[in-house]
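Colleague: Could you please take a close look at the salt bridges of this protein and explain them to a first-year student? Please describe which side chains pair and where they lie.

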Amino acid sequence: MLKPGLNLQLGQTLTMTPQLQQAIRLLQLSTLELQAEIQQALESNPMLEQAEDDELGADAGDTADTDSDANTDDGESGSDAAGTGETVDAGGSEDIIPDELVTDSRWEDIYDASASPRGPDDRDPLENTSDDDGGGLQDHLLWQLHLSHLTPRDQRIGAALIDTINGDGYLEGDVETLAETISRSEDPPVDTDEVEAVRHWLQHCDPLGVGSLDLRECLEVQLGELAPDAPSREAARALLEHGMDALARRDYKALQRQSGVRDGDELAAALDLIRTLNPRPGAQISETPPEYVVPDVYVRHTDRGWQVDLNPEIAPRIRINDLYAGMVRQVSDARDSAFMRDQLQEARWFIKSLHSRNDTLLRVARAIVERQQGFLEHGEVAMQPLILRDIAEALEMHESTISRVTTQKYMHTPRGVFEFKYFFSSHVGTSDGGECSATAIRAMIRELIEEETPGKPLSDSRLAQILADRGINVARRTVAKYREGMNLPSSSERRQMAAMPTGSKPKGA
């Protein structure tokens, strides 16, 4: 029989402190999200201030100027110098932790989880931003509908049509069913001729061709808007009307036979004209706001090798406000004093977390550049195989930290701007026991296809054999997967394109 009792046991557990939670959250933010977070902190915490350009000296430059009369409060040191911090592995939730702080409190005492960083009416009225709640293509078409001179009845028909248009700009369903649906709320009932009339008006709105039933109709509408004397306009119309299936198959001989366009130069010019048309007109009006890329680090080549520096423009320089920090011990009211102490503590946490984020970001970027110098010097063909574990072991961090740092973080290099994750790829074994990056293999396949003899394209099996001769063991189906991923046509399609007259090949082929 078990008897109730009390037992005393000793053990160690790791708790997600507010400092650790804040450091993790800042680490995974993108540059634009970090700027918004810093701006919110500056607006909500009176202890933080943005250093002016003329004050960015030795103290303000590192955003760690906390030496004031209040720095002796609670026995804390006012130094906020950047450091690597302490690495803690918490079952995949480790991160860089700031220096130990004496004063601690519950997370909800400092941060209001229900508070929104920025209200819908707090945006700069002069800022060119998109409304996240906007309807995209539908709203754009409705705006044109409301500005038109159509009758109220036709406008209701147009609104019903717009509601059935998909993201590519095509009408879903048929006109007869739509007319029956609209007739339920219209007196007299709507017939298909009325719906067709409004639909034809809609097709000439912006973007041109929206509301079409199929691809051929969409392209024909766009051709109809060209000048009557536009070169190759009628030949292109004949290709769409009589040879759409052959055009989709890239069967150019059948296309000439079905369309009646026998002259090779005229056929080539008509194909070039068709390629200037937009097969998905609705896709050019996105429903999501644009995402702007701001590089987090800059990579440049110097006499001492490749150098990696943080982008000084990614975040404003902030520091502790000496005036308010000095008033902490001067306030007599207990409630006000507690509030100011909490704000000062929060400001120090925030600055320490920023230092930890920047230090971790810079260390990871330097480790990536050290391993991918071949890419920076010679391009994709020299890309080395790299996985998150390689960087994690080199920096003695957890893979989850490397994953956070490399997500939505960008590197400006002499070869362009790349996300950190771009430099990580799977690998394929080589005959000498080494490894080759999948990115390098893709670059080799593209290079081989570009250098192949016109009229004698290399098959996927032949490409795999050439790579095997170079010591890279890749299966034929892997070559086909890489080729399709780069939108490169097959050998039979390339052979057909090589047989076409000059100027008729698709762009980029």
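Modeller: A salt bridge is counted when a side-chain nitrogen of Lys or Arg lies within 4 Å of a carboxyl oxygen of Asp or Glu. Side chains of opposite charge can pair when their charged atoms come close. The model discussed here is predicted, and by this rule it holds 17 salt bridges.

Consider the pair formed by Asp251 and Arg249, whose closest N and O atoms are 3.8 Å apart. This distance counts as a salt bridge because the cut-off is within 4 Å. Asp251 is partly exposed, at 27% relative accessibility, and Arg249 is also partly exposed, at 48%.

A second pair belongs to a helix. Asp272 and Arg275 form a salt bridge with an N to O distance of 3.1 Å. Both residues lie in helix α12, which covers residues 264-275, and they are three residues apart, about one turn of the helix. Asp272 has a relative accessible area of 29% and is partly exposed; Arg275, at 30%, is likewise partly exposed.

A further pair joins two strands. Glu49 and Arg319 meet through their side chains in a salt bridge of 2.8 Å, N to O. Glu49 lies in strand β1 (residues 48-50) and Arg319 in strand β6 (residues 318-320), so this salt bridge ties together parts that are 270 residues apart in sequence. Arg319 has a relative accessible area of 13%, and it is therefore buried, since buried means under 20%.

Finally, salt bridges may also be linked to one another: Arg153, Arg156, Glu186 and Glu194 form such a network.

Terms used. Residues numbered from 1 in each chain as written. Predicted model: local features only at pLDDT ≥ 70, side-chain atom pairs only at ≥ 80, totals over all residues. Heavy atoms only, no water. Helix = DSSP H or I, 4+ residues; strand = E, 2+ residues; numbered from the N terminus. Buried < 20%, exposed > 50% of the residue type's maximum accessible area, 1.4 Å probe, protein only.
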